[in-house]
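Here is a quick walk through one protein model, written for someone who would rather be at the bench. Have a look at the sequence and the structure first, and then we'll go through it piece by piece.

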Amino acid sequence: QVQLVESGGGLVQAGGSLRLSCAASGRTFSPYTVGWFRQAPGQEREFVAAKNLGSLYYADSVKGRFTISRDKNMVYLQLNSLKPEDTAVYYCAASDRLVARRENDYNYWGQGTQVTVSS
């Protein structure tokens, strides 16, 4: 079993930056794809970014502002030029699929970290 724990969320002004971290523990962490999703109040959880063995994928709403990266058992999401509409709980996830952009593609999830962007 793999456990994922996110950190790094907080309150930031519009235009600011945050770096979210996701620490993986448990059995050998070697998923094909790692990803980030977010869920705003009253909305469904949505795809933000993913990284597999050779490619990066981003939602159109964050392209050019967010960057996903991975270093061994850590997964990161750099959030730049934040907007109030980026306010949400951000979730880290891992998948055994080579291409994974839907919630159902992911096997493991973290508990989430809150990001709040003030205007």
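How far apart are the mean positions of the positive and negative charges of the protein? The answer is 6 Å, with 13 positive and 10 negative charges going into the two means. Before going on, keep in mind that this is a predicted model.

**The overall picture**

If you were hunting for helices, you can stop: the protein has 0 of them, against 11 strands. Read from one end of the sequence to the other, the pattern is simply β-β-β-β-β-β-β-β-β-β-β.

What about overall dimensions? The C-alpha trace spans about 40 × 25 × 25 Å along its principal axes. A compact globule of 119 residues would have a radius of gyration near 14 Å, and the protein comes in at 13 Å, so the two agree.

On the inside, 45% of the 119 residues count as buried. On the outside, about 6200 Å² is exposed, and carbon and sulfur atoms supply 46% of that area. The contacts also reach a long way along the chain: among those between residues at least 6 apart in sequence, 60% join residues at least 24 apart.

**The disulfide**

There is 1 disulfide in the structure. Cys22 and Cys92 make it, with their sulfur atoms 2.2 Å apart. Which parts of the chain does the pair tie together? Cys22 sits in strand β3 (residues 18-26) and Cys92 in strand β9 (residues 88-95), so the link joins parts that are 70 residues apart in sequence.

Is the link left-handed or right-handed? It is left-handed, with -80 degrees about the S-S bond. And don't look for this pair on the surface: Cys22 is buried, and Cys92 is buried as well.

**Around Met74**

Met74 belongs to strand β8. At 24% relative accessibility, Met74 counts as partly exposed; the cut-off for buried is under 20%. Which residues does Met74 touch, once its neighbours within four places in sequence are left aside? They are Ser21, Cys22, Ala23 and Ser69. So one half of the disulfide, Cys22, is among the contacts of Met74, and Cys22 pairs with Cys92.

Now for sequence against space. Met74 and Val89 are 15 residues apart in sequence, yet their C-alpha atoms are 19 Å apart.

**Gly26, Thr28 and the start of the chain**

Gly26 lies in strand β3, the strand that also holds Cys22. While Cys22 is buried, Gly26 is exposed, with a relative accessible area of 53%. Leaving aside neighbours within four places in sequence, Gly26 is in contact with Gln1 and Gln3. The C-alpha atoms of Gly26 and Gln1 are 5.7 Å apart, although 25 residues separate the two in sequence.

A little further along, Thr28 is in the loop between β3 and β4 (33-39). Thr28 is exposed too, at 61% relative accessible area. Its C-alpha is 7.9 Å from that of Val2, a residue 26 places away in sequence.

Gly42 offers another case. This residue sits in the loop between β4 and β5 (46-51), and is exposed with a relative accessible area of 91%. Gly42 and Ala23 are 19 residues apart in sequence and 27 Å apart in space, C-alpha to C-alpha.

Here are the pairs side by side, with distances taken C-alpha to C-alpha.

| Pair | Apart in sequence | Apart in space |
|---|---|---|
| Gly26 and Gln1 | 25 residues | 5.7 Å |
| Thr28 and Val2 | 26 residues | 7.9 Å |
| Met74 and Val89 | 15 residues | 19 Å |
| Gly42 and Ala23 | 19 residues | 27 Å |

**Two backbone oddities**

Most residues other than glycine have a negative phi. Lys72 goes the other way, with a positive phi of about 55 degrees although it is not a glycine. You'll find Lys72 in the loop between β7 (66-71) and β8 (74-79). With 70% relative accessibility, Lys72 counts as exposed.

Ser81 is another non-glycine with a positive phi, this time of about 50 degrees. Where is Ser81 placed? It lies in the loop between β8 and β9. Ser81 counts as partly exposed, at 41% relative accessibility.

Definitions and conventions:
Residues numbered from 1 in each chain as written. Predicted model: local features only at pLDDT ≥ 70, side-chain atom pairs only at ≥ 80, totals over all residues. Heavy atoms only, no water. Helix = DSSP H or I, 4+ residues; strand = E, 2+ residues; numbered from the N terminus. Rg over C-alpha atoms; globule rule 2.2 N^0.38 Å. Buried < 20%, exposed > 50% of the residue type's maximum accessible area, 1.4 Å probe, protein only. Contact = heavy atoms within 4.5 Å. Areas by Shrake-Rupley, 256 points an atom, 1.4 Å probe, with all protein chains shown as cover. Lys, Arg positive; Asp, Glu negative; His and termini not counted. Charge placed at Lys NZ, Arg CZ, Asp CG, Glu CD. Disulfide = S-S within 2.5 Å.
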